[in-house]
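Here are a few informal notes on how some of the helices pack. Have a look at the model first, then read on.

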Amino acid sequence: MSDNSNKFKQVISHAKEYGFIFQSSEIYDGLSAVYDYGPNGVELKNNIKRFWWDSMVRMNHDIVGLDSSILMHPKTWKASGHVDAFNDPLIDNRDSKYRYRADVLIEDYVAKIESKINKQVDKAKSKFGDSFDEKLFRETNPRIVENQQKIDYALSTMKKCLDDDDLVSFKNLIIELDIKDPISGSKNWTDIKQFNLMFSTSIGANSESSSEIYLRPETAQGIFVNFLNVQKSSRKKIPFGIAQIGKAFRNEIIARQFIFRMREFEQMEMQFFVKPGTQKEWYEKWKEKRMQWHKLMGFNEKDYRFHDHDKLAHYADAACDIEFKFPFGFKELEGIHSRTDFDLSQHEKFSGKKLRYFDPESKETYVPYVVETSIGLDRMFLSVLTASLQEENLQNDTKRLVLKIPAFLAPFQAAVLPLVKKDGLEEKSNELYENLRPFLNVTKDEKDAIGRRYRRQDAIGTPVCITIDHDTLMDNSVTFRLRDSMEQYRVDLNSVRDELLKLTNFANFL
Ligand code: ATP
């Protein structure tokens, strides 16, 4: 088994053991691609939400918030194109009985070839050192050129098949590229079918009067239909943005990557409304801003990259993903899309109501263009968990599992630990715990030897352990033990709160 697949397994079992994530309805053998967040998971998830919200809404004067409902008028989804076009190409393998997204099979084929190319480039780089010209090497090395041609052929043929809605040629491409079922190795494929990803349900009390509605597959449409309500009530002038965090539902075809692809998930989306003609400039600005936000996490910067879309969605004039290096490869973490005036114009058409902005300076009235940033909260959670979880060898031949989460995201900012439960230390410790609680999310633990308690806090990512010992009773100071360096130092009891805020408050990381 590869290191990466071991790492992924370790992340999944750690998430369960330490109360971050459980399979939904586990006692009934689970519900596929649906997950629950446990006590530590919900804290981390809420902190990610808060970090996104604060950096988006609190720190940007030109962005306001919204919390729109999950259920919307069914015409919304006709207008947005989801009823007719929110489909994935589905293919089954007759032998393994597994179901795949045909486009993902092609993407995986491409990723394999890319990885071969990258290996060859890395080898040449280390051989030739400083004199190595990577661009020239990629353009002239016969094996790389041949492999690159294979990639270009696969991607351009797939694009044509999807553009033409030609599912027969799409299947022929899979056969031609000799793509096998990654699990069974079989090439016994069915035809490709389009599959709509929206969940439907009905609204209304009796069967005659009830009608079909959908669980929203994205939060964005709640923002578009409220564009004028928000603009007028908040008296915002264009350019301005509306941000929202909320649940979305998609009946995903493949759902085998833990919380990477779920059927019920959360999105953090921001729609930025701009004057037509300025969208390109804003798109570039938001691309940069979002990448900077990810880098605030302090993880390896090489684990993030942009991927510009070759195939644009029907509503977009530019689009890219911020990809993160998950244990199963670089995959989309966030999408940034220049959505033109498509959505607002469609809602105008289907509702018969004007969704226009009057520019008080130029005296023009127009349908604004939109630049969207859309990130999956659960995918963000998974990226934080995979980048943070580390196994370290310690001096005395022992190991520790430590979650090196950014301090401002950790489920608890600190743990208060009495060295022993007697001699008044527990009481002193409880006093500090109660004093800190209104200001910081802190936990306490008095069971087991202090070393084991440190390990438990390391495993859930608590950045600071505060130990109350016999000296505390004498000199009114405590030991701070830092998660990452395991460094220990004394801090005066009266300074504990300020010290903790300095080490963990998100404002210090901006
Ligand atoms: P993918 O290509 O992976 O299916 P997408 O391009 O359909 O994603 P968008 O519609 O752009 O995704 O949604 C925006 C963000 O929502 C994605 O970047 C991702 O982080 C998140 N997201 C989308 N689908 C899921 C899902 N099924 N489970 C978890 N997060 C998701």
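1. Let's start with the handedness of one pair: α7 and α8 cross in a left-handed sense. Keep in mind that this is a predicted model.

2. As for where these two sit, α7 covers residues 142-163 and α8 covers residues 167-176. Their axes are 9 Å apart, and the packing angle is about 160°. Angles over 145 degrees count as roughly antiparallel, so α7 runs roughly antiparallel to α8.

3. Which residues of α7 and α8 make the contact? From α7 you get Y153, A154, T157, M158, C161 and L162, and α8 brings S169, F170, L173 and E176. Sorted by class, the contact of α7 with α8 has seven nonpolar residues, two polar ones and one charged one.

4. Now for another pair, α2 (residues 39-58) and α13 (residues 377-388). Their axes come within 10 Å and cross at roughly 110°. An angle from 65 to 115 degrees counts as roughly perpendicular, and α2 and α13 are therefore roughly perpendicular to each other.

5. Is the crossing of α2 and α13 left-handed or right-handed? Here α2 passes α13 in a right-handed crossing, while the α7 and α8 crossing is left-handed.

6. On the α2 side, the residues to click on are G41, L44, K45, I48 and K49. They meet L377, D378, M380, F381, V384 and L385 in α13. By class, this contact of α2 with α13 comes out as seven nonpolar, one polar and three charged residues.

Key:
Residues are numbered from 1 along each chain as its sequence is written. This is a predicted model: local features need pLDDT of at least 70, side-chain atom pairs count only at pLDDT 80 or more; totals for chains, interfaces and linings use all residues. Side-chain values use heavy atoms; hydrogens and water are left out. Axes are lines fitted to C-alpha atoms, for helices over the stretch in contact, and angles run from 0 to 180 degrees between N-to-C directions. Helices (H or I, at least four residues) and strands (E, at least two) are DSSP runs, numbered from the N terminus. Angles under 35 degrees count as roughly parallel, over 145 as roughly antiparallel, 65 to 115 as roughly perpendicular and the rest as oblique. A crossing is left-handed if the near helix is turned anticlockwise from the far one by less than a right angle, and right-handed if clockwise. Contact means heavy atoms within 4.5 Å. Ala, Val, Leu, Ile, Met, Phe, Trp, Tyr, Cys and Pro count as nonpolar, Asp, Glu, Lys and Arg as charged, and the others, Gly among them, as polar.
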